[in-house]
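User: I should like to go through this model and ask what each term in its description rests on. Please set every value against its definition.

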Amino acid sequence: MRALVADPAAPASLRLGTVREPEPAAHQLVLDVRHISLNRGEVEFAGQLPPGTVHGYDAAGVVSRAAADGSGPPAGARVAAFGAAAWAQRMAVDTGAVAEVPAGVGLADAAALPMAGFTALRTLRTRPILGRRVLITGAAGGVGRYAVQLAALGGAHVVASVGSRARAEGLAGLGADEVVIGLEGIDRPVDLVLDTVGGAQLVALWGLLAPGGDIQHIGWASGEPAEFPPHSLFSLGASRTLSTFGDAREVGPDLATLLGFVAAGRLSAEVDRRDSWENVAEAADALLARRVAGKVVLDVDPVPAP
């Protein structure tokens, strides 16, 4: 079968190659993949993988073989999936990391949801947000656009931060109460920050936190160091916190929640670019150059019938 594999010599360090069919464990199903989604971090680190490694985590398709232990959806079910080696014509994936796609939701939209969607959902769940001020940096990206929508659904006052005026387009329509460039114009403390930028902006964010507030650190798109001046972490009142995020366990129920929101018209999948996986280099370049507002989804050629 064909798959997108790591190759440091290829554009974007990814190329289509031929690999072995997956060999599922008893708790895994086999998915005939129809669509995959690119995430910025995956693309950035593709060149660091051993050459020939099947890359990627987000996919959607049709179950071709149910799990041997009887768990999970049956053959023929349409599912969204999160798991290693997803960017292939077939993948083996834990049944706890899939969710059935409701009728009326396209598989391409479903493929866009897993990593970015559950990251936004889980970080927002770390604090009560009803009536609270939530700041989302990198709000024009995949995680950011989901987080804006979900924070608004949760009753937060949503402040969306972007890197340029052009990147601000559409965020108010997704539920942002304020859209700012960088941190310009934020004149009141915030209770929760979802940060995907890091660097000097992360240091500045600490100064914007209300007592008892938290920064959920998701990514470091700036590539810059964060240097906290001496004594800058001291504050009176309830403790402020800086938390890491990396919990990707048992995401199936969260995927089902996100898909339910999409089916109900309460969450947009925000697919800004859709293309063939033959054009992965161009799609990856657009993602890294911030020419994508939201998600990139690539269509996968099906395995030829025997």
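Analyst: Let us begin with charged side chains. R122, R125, D247, R249 and D254 are linked in a network of salt bridges. This is a predicted model, in which local features need pLDDT of at least 70 and side-chain atom pairs count only at pLDDT 80 or more, while totals for chains, interfaces and linings use all residues. Residues are numbered from 1 along each chain as its sequence is written, and side-chain values use heavy atoms, with hydrogens and water left out.

User: Why is the contact between D247 and R122 called a salt bridge?

Analyst: A salt bridge requires a side-chain nitrogen of Lys or Arg within 4 Å of a carboxyl oxygen of Asp or Glu. For D247 and R122 the N to O distance is 3.5 Å, so the pair meets the criterion of 4 Å. The structure holds 15 salt bridges. Side chains of opposite charge can pair when their charged atoms come close.

User: What makes the pair of D247 and R122 a link between parts that are apart in sequence?

Analyst: D247 lies in the loop between β13 (241-244) and α7 (252-263), whereas R122 belongs to helix α3 (residues 114-124), so the pair ties together parts that are 125 residues apart in sequence. Helices (H or I, at least four residues) and strands (E, at least two) are DSSP runs, numbered from the N terminus.

User: How do you know which of R122, D247 and R249 are buried or exposed?

Analyst: The relative accessible area decides: buried means under 20%, exposed over 50%, and partly exposed in between, with a 1.4 Å probe and protein chains only. R122 has 16% and is therefore buried. D247, with 29%, is partly exposed, and R249, with 62%, is exposed. The side chains of R249 and D247 also form a salt bridge, at 2.9 Å from N to O.

User: How do R273 and D275 stand against these criteria?

Analyst: The closest N and O atoms of R273 and D275 are 3.6 Å apart, and the two form a salt bridge. R273 counts as partly exposed at 26% relative accessibility, while D275 is buried at 19%.

User: What makes the length of α7 agree with that of a helix?

Analyst: The expected span is 1.5 Å times one less than the number of residues. For the 12 residues of α7 this gives 16 Å, and the end C-alpha atoms are 16 Å apart, so the values agree. After α7 comes G265, whose phi is positive, near 75 degrees.

User: How do you know that the buried residues of α7 lie on the same side?

Analyst: The buried residues of α7 are G252, D254, L255, L258, L259 and V262. They cover an arc of only 160 degrees around the axis, which puts them on the same side of α7; the arc is that of the directions from the helix axis to the C-beta atoms. An α-helix has 3.6 residues a turn, so residues three or four places apart point the same way. What covers the buried residues of α7 includes β5, β7 (98-100), α2 (107-112), α3 and α4 (142-153).

User: Why is helix α6 described as mostly covered?

Analyst: In α6 (residues 199-208), seven of the 10 residues are buried. Among them are L202, V203, L205 and W206. The buried residues of α6 pack against β8 (133-136), β9, β11 (190-195), β12 (209-217) and β13.

User: What makes T95 and G83 count as buried, and what do they touch?

Analyst: T95, in the loop between β6 and β7, counts as buried at 15% relative accessibility. Its contacts (heavy atoms within 4.5 Å) include H27, Q28 and L29, not counting residues up to four places away in sequence. G83, in the loop between β5 (78-82) and β6 (90-94), counts as buried at 10%. With the same exclusion, G83 touches G56, Y57, M91 and V93.

User: What is notable about the phi of A85 and of R290?

Analyst: A85 has a positive phi of about 60 degrees although it is not a glycine. A85 is found in the loop between β5 and β6 and counts as partly exposed at 29% relative accessibility. R290 likewise has a positive phi of about 60 degrees without being a glycine. The loop between α8 (280-288) and β15 (295-299) holds R290, which counts as partly exposed at 43%.
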